[in-house]
Amino acid sequence: MKLIKLKGSKTEEVIRRELVGSHESLFNDEIRSGLLSVIKRFFPKMKTAYILFWTPEQGEDIFSLLINNDTIAKVEIDRYDSNVEPIIESKQLDNNYLKGLRKYSRIRLAIALELANIDLKNEEKN
């Protein structure tokens, strides 16, 4: 799989901080517990996840996530009614997925993948 080469730029550092912050929020904040429980239910082998993009719509939140280091998930959660079943789409992370991405999205994905690989390596040690 051909990913963009990271250069250590200021933009990359800002993205890295955002991704780390959203990761910590996902796993530690009560406000994201609904999203985390949905991810765990649909991806039981999930060890780590990074929110690539979040789109707040009128009645729902749409998240694009990197699950572990091999799956892209789109999760749509109703903002007001937790009884509404979330809509989940998932794709394997491969060259076909990368083809349609713009440069900024490729950078976000490359950084998220780097962070996820570190998490998974640390998970193996424990």
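Two strands are said to pair if DSSP finds at least two bridges between them. The exercises below apply this to a predicted model.

**Exercise 1. In which sense do E3 and E4 pair, and over how many bridges?**

Solution. The criterion for pairing is at least two bridges. E3 and E4 are joined over six bridges, and their sense is antiparallel. Within this pairing, threonine 71 stands opposite glutamine 92 of E4.

**Exercise 2. Describe how E2 and E3 pair, and identify the residue with a positive phi in their hairpin.**

Solution. Begin with the pairing: E2 and E3 run in the antiparallel sense over eight bridges. Next, take one position, leucine 65, whose bridge partner in E3 is alanine 73. Finally, turn to the connection, where three residues lie between the strands. In this hairpin, asparagine 68 adopts a positive phi near 50°.

**Exercise 3. Which residues of helix H2 are buried, and why do they line one face of the helix?**

Solution. First list the buried residues of H2, which spans residues 33–42: Leu35, Leu36, Val38 and Ile39. Viewed down the axis of H2, these buried residues fall within an arc of 160°, so they line one face of the helix. The general background is that an α-helix has 3.6 residues a turn, so residues three or four places apart point the same way. Last, consider the cover over the buried residues of H2: it includes helix H1 (10–28) and the strands E1 (49–56), E2 (60–67), E3 (71–78) and E4 (87–92).

**Exercise 4. How many aromatic pairs does a search of the whole structure find, and is the pair of tryptophan 54 and phenylalanine 63 stacked or edge-to-face?**

Solution. The search of the whole structure yields one aromatic pair. Tryptophan 54 and phenylalanine 63 form this pair, with 6.2 Å centre to centre and 10° between the planes. Planes under 30 degrees apart count as stacked, so the pair is stacked. As to exposure, tryptophan 54 is partly exposed, at a relative accessible area of 43%, whereas phenylalanine 63 is buried, at 3%.

**Exercise 5. Is leucine 109 buried or exposed, and which residues does leucine 109 touch?**

Solution. Locate leucine 109 in helix H4, residues 103–125. Its relative accessible area is 2%; buried means under 20%, so leucine 109 is buried. Leaving aside residues up to four places away in sequence, leucine 109 touches Leu52, Leu66, Ile72, Leu93, Tyr97, Leu98 and Leu101. For leucine 52, 57 residues apart from leucine 109 along the chain, the C-alpha separation is 7.0 Å.

Notes: Residues are numbered from 1 along each chain as its sequence is written. This is a predicted model: local features need pLDDT of at least 70, side-chain atom pairs count only at pLDDT 80 or more; totals for chains, interfaces and linings use all residues. Side-chain values use heavy atoms; hydrogens and water are left out. Buried means under 20% relative accessible area, exposed over 50%, partly exposed in between (1.4 Å probe, protein chains only). Helices (H or I, at least four residues) and strands (E, at least two) are DSSP runs, numbered from the N terminus. The arc is that of the directions from the helix axis to the C-beta atoms. Contact means heavy atoms within 4.5 Å. Rings of Phe, Tyr and Trp (its six-membered ring) pair if their centres lie within 6.5 Å; planes under 30 degrees apart count as stacked, over 60 as edge-to-face and the rest as tilted.
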